[in-house]
Amino acid sequence: MLALLGATTLMLVTGAPWVLPAASGGTNLKSPENGRVCIIDDNFILQWNSSRESVRNVTFSAEYKIPGMDNWKKLPGCQHITSTECNFSSVKLKNVYEKIELRIRAEKGNSTSQWHEVKPFIPFQEAQIGPLDVHLEAEDKAIVINVSPPGTKDSIMWAMDHSSFIYSLVIWKNSSRLEERTETVYSRDKIYNLSPETTYCLKVKAELRSPRRVGFYSPVYCINTTEKHKVPSPENIRIDAKNQVYVLQWDYARENTTFRAQWSHEFLKRIPGSHSDKWKQIPNCEDVKTTRCVIPQNAFPEGIHRIRVQASNGNSTSFWSEEKIFNTEMKTVIFPPVISMKSVNDDSLHVSIGAPKESENKSVNQPYPLIYEVIFWENTSNAERKVVEKRTDVTFPNLKPLTVYCVKARAFTENGKWNKSSVFSATVCEKTKPGNTSKTWLIAGICTALFSIIVIIYVVKVLLRCINYVFFPSSKPPSTVDEYFSEWPVRNLLLSTSEEQTERCSIIENANTITVIEETNPIEDHKKYNSQTSQDSGNYSNEDENSESKISEELLEQETV
């Protein structure tokens with residue numbers, strides 16, 4: 001025991017490294033350190049650092065475990081390795097998205113160190129895109145580039161991403177690096193706008209956008225372009241839609257030349273390899289002698305395509321022109337809709353949107369779903385209302401009665417990224433109906449007019465009666481007046497007739513003066529009538545007669561005296 005303590009003290013003093021007890025055997029070994037994995041395409045490299053061992057002839061071995069495995073297995077390519085890295089690409093992984101666990105230990109003879117465990121990892125997340133293999137072909141003004149996709153032919157790492165890679169290319173004249181330019185290309189593509197008989201150099205790298213991954217550049221490749229071809233290629237390829245056809249045009253300076261045009265699906269560019277046999281002849285564009293050709297719209301299926309043109313002069317042909325990308329959605333002409341408008345209810349206008357008509361009065365077939373923008377305004381105002389609808393009928397309620405409104409509309413594709421729309425249709429105007437309020441006012445006006453007419457008639461009638469009474473009096477009073485003034489005393493005051501009786505009466509104011517008064521009496525017939533109809537009247541008459549007789553007697557007596 002004392003000897004062991006002494007030996008330990010001696011080792012500490014002399015600075016000898018601390019050695020862990022051996023796992024088996026009698027030799028003490030340290031475990032590897034800083035284990036890590038480097039994955040480039042389908043190459044799996046395990047690296048580590050070894051401790052400073054004074055013991056020689058130490059080897060390293062690794063084991064792995066994946067989900068579904070209960071026990072550790074020996075890692076192929078990483079058994080009894082004398083260096084500090086090993087390649088375990090031969091491991092047959094079924095899924096690069098599953099987590100892998102690794103561990104390493106040092107070995108010497110029958111002695112081993114403790115296991116050093118590497119942090120678990122998912123291969124796809126750790127993988128990097130390696131340098132690419134590039135093959136070049138020269139033309140007079142272009143270079144054909146063929147890029148081998150990352151990984152091997154049977155790669156499992158990028159098996160799901162072969163069509164998702166984009167390739168970034170840097171090209172420059174060998175004589176001047178200052179003129180370098182960067183382009184995005186496909187795995188098989190062309191680099192245009194180059195000079196004949198010139199050396200160009202380039203390098204390429206691959207990229208993934210999702211998840212974001214940038215690879216290493218390829219080695220630099222250089223190639224010489226050929227001398228100028230005797231039959232130049234057509235230039236400035238363009239295609240436009242007009243009515244129900246496409247018009248393909250190009251520029252070419254020479255005469256006595258024929259042309260042909262081909263098309264291919266755009267998605268083929270994303271698939272590695274050559275697809276020269278997938279190009280198809282465009283109808284009406286074969287052996288044409290003009291720099292244009294007219295193509296029926298049904299010649300292309302819906303989608304994105306590429307178009308190229310080639311010139312021929314006798315037995316000589318040019319290189320194919322630069323490929324033009326052609327999208328049927330972008331080139332399809334959208335015709336303005338046909339609209340109609342009519343007044344409905346009392347305060348609403350209904351707008352109907354119909355498909356445009358061809359010359360034969362047939363509806364134009366629009367191949368894509370459309371949305372309609374309707375502009376609506378009052379004819380006497382500049383204030384506009386805009387409505388965007390998928391429906392082909394729109395109603396504008398709560399409008400002013402008996403007012404003219406106008407409308408116009410245009411159509412555009414439902415997929416807004418193409419920003420494809422028609423021009424506006426012709427303007428249509430319509431007048432609204434009178435409405436309930438107008439009817440009410442109309443009825444009120446009619447009633448007021450009728451009442452006014454009645455009042456006017458009544459007033460005129462009264463005026464006429466007054467005028468007749470004043471200027472044209474009647475010889476006989478009205479019956480109402482005659483009945484009311486039926487008694488004699490009153491009638492005597494109001495009426496005078498030609499048939500009157502006169503009596504002479506003398507009133508003696510004093511003895512010496514006698515005044516004679518003439519008194520008019522009604523005719524005898526009226527007296528009789530009054531005596532029969534009114535007893536009071538008869539009594540009054542008798543009293544008068546008596547008074548008259550008395551006066552006569554007194555007068556006679558005075559005369560006698």
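**Exercises on a pocket and on aromatic contacts**

The second largest pocket of this predicted model has a volume of about 510 Å³.

**Exercise 1.** Determine which residues lie closest to the centre of the second largest pocket, and establish where the pocket lies relative to domain 2 and domain 3.

*Solution.* Step 1. The lining comprises 24 residues, and those closest to the pocket centre are Lys141, Ser233, Pro234, Glu235 and Glu322.
Step 2. Sorted by class, the lining holds 10 charged, nine nonpolar and five polar residues.
Step 3. Strand E18 (residues 235-242) supplies the largest share of the lining, three residues.
Step 4. Residues of the lining come from both domain 2 (134-225) and domain 3 (235-327), so the second largest pocket lies between these domains.

**Exercise 2.** Classify the aromatic pair of Phe44 and Phe88 by its geometry, and locate both residues in the chain.

*Solution.* Step 1. The model contains 14 aromatic pairs. In the pair of Phe44 and Phe88, the ring centres are 5.5 Å apart, which falls within the 6.5 Å limit for a pair.
Step 2. The planes make an angle of 55°; because this is neither under 30 degrees nor over 60, the pair counts as tilted.
Step 3. Phe44 belongs to strand E2 (residues 43-49), whereas Phe88 is in the loop between strand E5 (85-87) and strand E6 (100-108). The two are 44 residues apart, and the pair thus links distant parts of the chain.
Step 4. Phe44 and Phe88 are both buried.

**Exercise 3.** Identify the charged groups placed over the rings of Phe124 and Trp320.

*Solution.* Step 1. Phe124 belongs to a cluster linked by ring pairs, together with Tyr97, Trp158, Phe165 and Tyr167.
Step 2. Over the face of Phe124 lies Arg213, 5.0 Å from the ring centre.
Step 3. Over the ring of Trp320 sits the charged end of Arg308, at 4.1 Å from the centre.

Notes
Residues are numbered from 1 along each chain as its sequence is written. This is a predicted model: local features need pLDDT of at least 70, side-chain atom pairs count only at pLDDT 80 or more; totals for chains, interfaces and linings use all residues. Side-chain values use heavy atoms; hydrogens and water are left out. Rings of Phe, Tyr and Trp (its six-membered ring) pair if their centres lie within 6.5 Å; planes under 30 degrees apart count as stacked, over 60 as edge-to-face and the rest as tilted. Helices (H or I, at least four residues) and strands (E, at least two) are DSSP runs, numbered from the N terminus. Buried means under 20% relative accessible area, exposed over 50%, partly exposed in between (1.4 Å probe, protein chains only). A charge sits over a ring if NZ of Lys or CZ of Arg is within 6 Å of the ring centre and within 35 degrees of the ring normal. On a 1 Å grid over the protein atoms alone, a cavity is a set of points where a 1.4 Å probe fits but cannot get out, and a pocket is an open set with protein on both sides within 12 Å along at least five of seven lines; lining residues have an atom within 4 Å of a point. Grid points are joined across faces, edges and corners, and a volume is the space filled by probe spheres set on the points. Ala, Val, Leu, Ile, Met, Phe, Trp, Tyr, Cys and Pro count as nonpolar, Asp, Glu, Lys and Arg as charged, and the others, Gly among them, as polar. Domain bounds come from an automatic or database domain assignment.
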